Amino acid sequence: MASARRTQKPCSRFSFVKRIPTADPTAELPVPAAFRCPISLELMKDPVTLHTGITYDRQSIESWLEVGSLTCPVTNQALGNDELLPNHTIRRLIQDWCVANRSFGVERIPTPRIPVTSIQASELLSEIAFAGRRGDRARCQELVGKIKALGKESERNRRCIGSAGAGGVLAACFSELATESFERSRVGAAEEILSALPLFFPLDQDSCRQLSSPKSLESIVSVLRSGDLDARVNAALALRELLSSLPPRRINGVAGTDGLVEALSKLIQNPISPRATKASLVAAFYLVDSSDRAAGALVDTGIIPSLLEILIDSDKGMCEKALAVLDGVLGCSRGREMAYGHALTVPVLVKKMLRVSDMATEFAVSALWKLCRNEKRGGGCSMEAVRVGAFQKSLLLVQVGCSGATKEKANDLLKLLNGCRGSMECTEAVDFRGLKRPF
């Protein structure tokens with residue numbers, strides 16, 4: 001045993017280190033052990049020290065603490081609400097080491113920004129709330145810009161500011177400013193708040209209550225109508241978040257806001273960005289799903305041709321959202337009448353019955369079922385559906401299996417379409433190149 005201890009090699013300062021791959025595949029650069037985080041074993045980018053004297057990379061130790069670990073990973077000592085102290089000495093040494101080994105392809109780590117503390121976040125939010133109550137738009141815009149910049153700096157900042165109540169403060173401030181006359185020359189603060197809100201989603205009930213006030217909704221509609229591109233995107237995101245959080249009874253009240261449905265429809269029919277279109281489609285779905293009046297109003301804006309156009313060549317997420325809205329507006333008679341008169345309605349719905357997603361199948365089957373079930377005698381919708389393959393696809397859905405409600409509608413579709421089969425030739429709805437678009 002003694003001889004084994006005598007032959008053991010002494011530990012060097014580079015023992016058990018991780019090596020960084022370099023430009024030369026045959027060579028690797030050893031990283032000093034003191035520069036590596038004990039948790040991730042990676043080179044530290046933002047070294048911080050606990051009261052136990054052990055230094056970690058900030059991201060690693062924060063992740064350790066967030067999952068509920070209450071001990072130091074190295075010493076196993078108990079931790080309280082320990083402040084993470086930046087270790088500037090180690091950070092400078094790491095930066096010097098990076099510069100010295102630049103020829104090996106090592107990039108110098110940037111000097112990290114000091115993260116915001118919960119006290120700083122609370123103080124800044126208090127100032128925003130005070131500026132909002134006074135109606136000081138300029139000060140409010142300045143402070144919201146600061147908190148937005150801090151939130152964008154890091155995920156840690158965003159969580160810290162959000163946990164301090166940022167969503168509620170921003171929503172309340174927006175509501176306070178919305179009580180004044182909403183003129184184009186004075187919307188800077190409101191647009192700044194709308195641009196900051198998405199950083200702190202999801203919103204709590206109090207925040208949604210503030211945003212759903214009549215004045216707040218009028219302000220959101222004003223931004224949707226006349227704001228710049230970024231402001232309109234942010235307004236659509238805020239509206240989507242609001243409607244997805246409200247109960248149907250409250251959504252029915254929101255749907256009555258003057259110009260809201262028209263503004264959303266305009267964003268869908270004249271897209272400015274995929275993000276805005278998707279947010280508008282989700283908001284429109286919640287409206288038509290909870291309010292027959294909103295469904296009728298959306299149909300009156302001429303939304304159906306735009307929805308069908310979206311369905312022809314969009315990605316899965318966009319298709320699902322457009323199908324959801326289309327299924328909603330087909331619940332009203334005006335929507336069905338407009339759909340019957342469009343050449344793409346049935347081929348597009350049959351095309352989307354399979355091979356998109358389970359959600360798309362559910363909405364496509366439901367929409368086609370509503371059209372075939374409610375058409376007048378000799379209307380031609382069922383015959384067109386059979387011609388483009390709806391019967392075969394419905395049969396496949398019933399045989400392969402799908403969700404309960406969808407299976408019931410697919411079964412009902414089979415009964416509705418069976419009488420129209422006869423000797424009619426079936427054409428698979430593979431593409432739409434041969435169909436003439438109305439616009």
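A salt bridge here is a side-chain nitrogen of Lys or Arg within 4 Å of a carboxyl oxygen of Asp or Glu. Arg 158 and Glu 155 make a good starting example: their closest N and O atoms are 2.6 Å apart, so the pair falls inside that cut-off and forms a salt bridge. Both residues belong to helix 6, which covers residues 155-163, and because they are 3 residues apart there, about one helical turn separates them. As for their surroundings, Arg 158 is partly exposed, with a relative accessible area of 22%, and Glu 155 is also partly exposed, at 42%.

Before going further, please keep in mind that you are looking at a predicted model. The mean pLDDT of the protein chain is 86, and 87% of its residues reach 70 or more. Some parts call for care, though. Residues 1-18 have a pLDDT below 50, and this stretch has 18 contacts in the model beyond its near neighbours in sequence. Residues 425-439 also have a pLDDT below 50, and here the contacts beyond near neighbours in sequence come to 29.

Back to the charged pairs. By the rule given at the start, the model holds 17 salt bridges. One of them links Glu 384 with Arg 387, where the closest N and O atoms lie 3.0 Å apart. You will find this pair in helix 21 (residues 381-387), with 3 residues, or about one turn of the helix, between the two positions. Glu 384 has a relative accessible area of 23%, so Glu 384 counts as partly exposed. Arg 387 is partly exposed too, with a value of 32%.

Salt bridges can also share partners, and Asp 46, Arg 58, Glu 62 and Arg 156 are joined into one network in this way. Let us step into that network through helix 2, which runs over residues 58-66 and holds both Arg 58 and Glu 62. These two residues are 4 places apart, about one turn of the helix, and their side chains meet in a salt bridge with an N to O distance of 3.8 Å. Are they buried or exposed? Arg 58 has a relative accessibility of 9%, and because buried means under 20%, Arg 58 counts as buried. Glu 62, at 11%, is buried by that cut-off as well.

What does Arg 58 touch, apart from residues up to four places away in sequence? The answer is Asp 46, Val 48, Leu 84, Pro 86, Pro 115 and Arg 156. Two of these names, Asp 46 and Arg 156, may be familiar from the salt-bridge network. Another, Leu 84, is worth picking out on your screen: Arg 58 and Leu 84 are 26 residues apart in sequence, while their C-alpha atoms are 7.8 Å apart in space.

Our last stop is Asn 234, in helix 11, which spans residues 229-245. The relative accessibility of Asn 234 is 10%, and because that lies under the 20% cut-off, Asn 234 counts as buried. Leaving aside neighbours within four places in sequence, Asn 234 is in contact with Leu 194, Ser 195 and Pro 198. If you select Asn 234 together with these three residues, you can see how this position in helix 11 meets residues from elsewhere in the sequence.

Notes:
Residues numbered from 1 in each chain as written. Predicted model: local features only at pLDDT ≥ 70, side-chain atom pairs only at ≥ 80, totals over all residues. Heavy atoms only, no water. Buried < 20%, exposed > 50% of the residue type's maximum accessible area, 1.4 Å probe, protein only. Contact = heavy atoms within 4.5 Å. pLDDT = per-residue confidence, 0-100.
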